[in-house]
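Trainee: Could you walk me through this model, strand by strand?
Mentor: Sure, pull it up and let's go.

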Amino acid sequence: MAAFLPAFPAIPQHVYTVTLEGAQFRLQFTWRRRLQSWYVSLLALDDTPIAMGRRLSAGWDPFFGFVLEAGPDGFFVVRGTDGYAREDLGASLRLVYFTRAELRAAIPAATGDEVVVEI
Amino acid sequence: MAAITIIRDDGQAFSFDGVVSYTLTASVTVTDHPIESGSVVSDHAQVQPKMLSLSRAIVTETPFSDQDSSGGADRVTRALEFLDSIAGALCTVVSERYGTIENMAILRYPSTADVLRRLAFDIDFKQVRLAEAGLVDIAPSTPVQVDAGGAETSGAAGLPDAQDAGEQATTPTEGGEQDEADTSLLLDLATALGVEV
């Protein structure tokens, strides 16, 4: 089942260790006042950067499009609305993790009504 | 008449019969930045390359016997060919007053012919500074640091300033429509960007 990542909006820059599908990672959240946005960084357990400084934008995977060889196998998505405030993190703005298996299971099954077009 | 010798990078040299005068120009450019009050302020000075100008450098078919170049009807032609050969290359200019000046590039060398069997050149040289390109390692960017109020601070190091919340557990979502909407969104993104799920 998809999982919410914890958050601590009272701490403008915090980092924690989390286990995703059996592997441990470090997630760092940073509130940038000038940009009024939360930014997330993904690090290995020894704090080796994997993907750094990605904005939490609602309806988007902050790490999408990156080849995260050392990262988790699944996908993140930001649930909420944009134009959020700092204290919204963990409440109306949440980072959610989906495993690859969950995504595969959500792919609509073929109905047999498809028309195959050969070009 | 002064003696001036130009030495090419392959060691070949050419000496003029004589030079009436020559001028070495050393200059510094001081920057000017106009400010509101109407005056200017300067923040630094640039040392300009040296310039050497030969005025009336004479080449004849009959040089003085103590010069290293033999005379002859083609000496004037050889002078022109020599100056052509140093155009675009670096050479060394040796003069009596200024000694040896290296890394000189010829800028212009107009010549005047008159009824006598000679050419008179006015030659300008500019000294060239040589630089070597190098590689510089630039440290990777570090995460921005913020203070307790969320203001960005400068000069702080990377991750160690972040407050470590230790090991945390995830919380299962409620499932339902919101999860379906998120998975649908991710699948759309994957399809659009060609990411294999």
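Trainee: Which residue in the turn between β4(A) and β5(A) has a positive phi?
Mentor: Ground rules: this is a predicted model, where local features need pLDDT of at least 70, side-chain atom pairs count only at pLDDT 80 or more, and totals for chains, interfaces and linings use all residues. Residues are numbered from 1 along each chain as its sequence is written, chains are lettered from A and ligands numbered from 1 in the order in which they are written, and side-chain values use heavy atoms, with hydrogens and water left out. Strands here are DSSP runs (E, at least two residues; helices are H or I, at least four), numbered from the N terminus, and β4(A) and β5(A) form a hairpin with five residues between them. The turn residue with a positive phi, about 70°, is Asp47(A).

Trainee: Which residue in β5(A) stands opposite Leu43(A)?
Mentor: Two strands pair if DSSP finds at least two bridges between them. β4 (residues 37-43) and β5 of chain A pair antiparallel over four bridges. Across from Leu43(A) you'll find Pro49(A).

Trainee: Which strands stand at the edges of the open sheet β6(A)-β7(A)-β1(A)-β16(B)?
Mentor: That sheet has four strands with antiparallel pairing. Inside the order, two bridges join β1(A) to β7(A), with Ala3(A) opposite Tyr97(A). The edge strands each have a single partner, so one side of each is left without a neighbour in the sheet: β6(A) and β16(B).

Trainee: Is Trp60(A) buried or exposed?
Mentor: Trp60(A) sits in the loop between β5 and β6 of chain A. Buried means under 20% relative accessible area and exposed over 50%, with a 1.4 Å probe and protein chains only. At 33%, Trp60(A) falls in between: partly exposed.
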